[in-house]
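Q: I'd like to learn how to read a protein model step by step. Could you walk me through this one?

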Amino acid sequence: MYRISFTRSQQNPDQMSAVRPVARGSDWGHGALQSALDVLLPASCPACGHRPLPVGNVWCTRCDDGLPWRPQAAGPPSVLLDSLRAALDFRAGPTRTLLHHLKYRNRPELAYALGQRCAERFPGPPEGSILLPVPITNPKKRQRGYNQAERFAAGLASVWECPVEEHVLVRRIQHQSLTELDRAARLREARNAFVLADGARNRCSGRSLVLVDDTLTTGATLGACAVALAALRPPFLGGFCAAWAP
Ligand SMILES: [Zn+2]
């Protein structure tokens, strides 16, 4: 299984530029064509704009060093989840910009790399757990081309060496994005947002489950997923998000 390591340059630190190598974490689309494009159009750091990034990097080392890891073991408490962690502070360092790019700027490889980075930082879930990315609606997935939570989960899973099941929950179409609603309306809308997919019981009954999402806000989305998953009677149900934006 492909895995990155966040290697550091062997240069004298006094001679280092602002950018030291941080390996690209993508498992997508980096064939010969992409390599040629990297040479012709050197990439810039999506968080700070520093250019050029060494070929194969996803963000610069200065931004990597500035990732605002949350020292607490868990995010906000939830009666529906056995554990809940949000790895980064959304409003500090490069987090907000990285998440914006991986979600809205067609940069799925950033989500994958961030998943790997988080998994290297934090212990994995109980043995035998399945990671369940929070789904997005089918129209949104067609428009975006990918589910950023699935890419983030795939990055986590590549390090933790556990399976990812993308088709356990189905997200019902809502007429308004949850992020556009105030807190009370978001909680109300999220309550009925998810149902179990066909075959979910066969794949996940009796297994420990960890919900995975990019951003934790009120916890309403994970809570709604947890309600839908209750029928599977998981012995452990956790949540892991890239960032916390309370
Ligand atoms: Zn940067």
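A: Happily! Begin with an inventory: the protein chain has 9 helices and 6 strands. Keep in mind that this is a predicted model.

Q: What percentage of the 246 residues in the protein chain do buried residues make up?

A: Buried residues make up 42% of the 246. Contacts are the next thing to look at: of those in the chain with a separation of 6 or more, 74% are between residues 24 or more positions apart.

Q: How do I read a sheet, and which order do the strands of the open sheet have?

A: The general idea first: strands of a sheet pair through backbone hydrogen bonds, either parallel or antiparallel. Here, an open sheet of 4 strands has the order β1-β6-β5-β2, and the pairing is parallel. At its edges are β1 and β2, each of which pairs on one side only. From one strand to the next, the twist averages 20 degrees.

Q: How many bridges join each pair of strands?

A: Let's go across the sheet. Strand β1 (residues 83-89) is joined to β6 by 6 bridges, and Leu 84 stands opposite Gly 239 in β6. Strand β5 (residues 209-216) is joined to β6 by 7 bridges. Among the partners along that pairing, Leu 209 is matched with Leu 237, Val 210 with Gly 238, and Asp 213 stands opposite Cys 241. Finally, 4 bridges join strand β2 (residues 130-133) to β5, where the bridge partner of Leu 132 is Leu 211.

Q: Are strands β5 and β6 mostly covered or mostly exposed?

A: Mostly covered. In β6 (residues 237-244), 8 of 8 residues are buried, and in β5 the count is also 8 of 8. As a general point to keep in mind when you look at a strand, the side chains of a regular strand alternate between the two faces of the sheet.

Q: How does the chain get from β5 to β6, which run parallel?

A: β5 and β6 are parallel partners joined by 7 bridges. The chain crosses from β5 through helix α9 (residues 220-229) to β6, and this β-α-β crossover is right-handed.

Q: What should I look for in a helix, say α4?

A: Try its length, its burial and its neighbors. α4 has 14 residues and reaches 20 Å from its first C-alpha to its last, close to the 20 Å expected at 1.5 Å a residue. As for burial, 12 of its 14 residues are buried, including Pro 108, Tyr 112, Gly 115 and Cys 118. Those buried residues pack against β1, α3, α6, β5 and β6.

Q: And which elements do the buried residues of α3 pack against?

A: They pack against β1, α4, α6, β5 and β6. The buried residues themselves are Thr 95, Leu 98, Leu 99, His 101, Leu 102 and Lys 103.

Q: What lies in the loop between α3 and α4?

A: One residue to find there is Asn 106, in the loop between α3 (95-104) and α4 (108-121). Just after α3, Asn 106 takes a positive phi of about 60 degrees. Its C-alpha atom is separated by 8.4 Å from that of Tyr 146, although the two are 40 residues apart along the chain.

Q: Why is Asn 106 exposed?

A: Count its neighbors. A residue is called exposed if 12 or fewer other C-beta atoms lie within 10 Å of its own. Asn 106 has 12 other C-beta atoms within 10 Å, so Asn 106 is exposed.

Q: Which residues of the largest nonpolar core touch the most other members?

A: Of the 59 residues in that core, Leu 156, Val 212 and Ala 243 touch the most other members. Helix α6 (residues 148-160) gives the most to this core, with 8 residues.

Q: Which residues does Leu 156 touch, leaving out those up to four places away in sequence?

A: Leu 156 touches Gly 115, Cys 118, Ala 119, Leu 131, Val 212 and Phe 240. You can pick several of these out in elements we have visited: Gly 115, Cys 118 and Ala 119 are among the buried residues of α4. Try finding Leu 156 in the view and tracing each of its contacts from there.

Technical notes:
Residues are numbered from 1 along each chain as its sequence is written. This is a predicted model: local features need pLDDT of at least 70, side-chain atom pairs count only at pLDDT 80 or more; totals for chains, interfaces and linings use all residues. A nonpolar core is a set of buried Ala, Val, Leu, Ile, Met, Phe, Trp, Tyr and Cys residues joined through C-beta atoms within 7 Å. A residue is buried if 20 or more other C-beta atoms lie within 10 Å of its own, exposed if 12 or fewer, and partly exposed in between; C-beta atoms are placed from the backbone. Helices (H or I, at least four residues) and strands (E, at least two) are DSSP runs, numbered from the N terminus. Two residues are in contact if their C-beta atoms, placed from the backbone, lie within 7 Å. Two strands pair if DSSP finds at least two bridges between them. A crossover is right-handed if, with the strands pointing away from the viewer, the path from the first strand over the helix to the second runs clockwise. The expected span of a helix is 1.5 Å times one less than its number of residues. Axes are lines fitted to C-alpha atoms, for helices over the stretch in contact, and angles run from 0 to 180 degrees between N-to-C directions.
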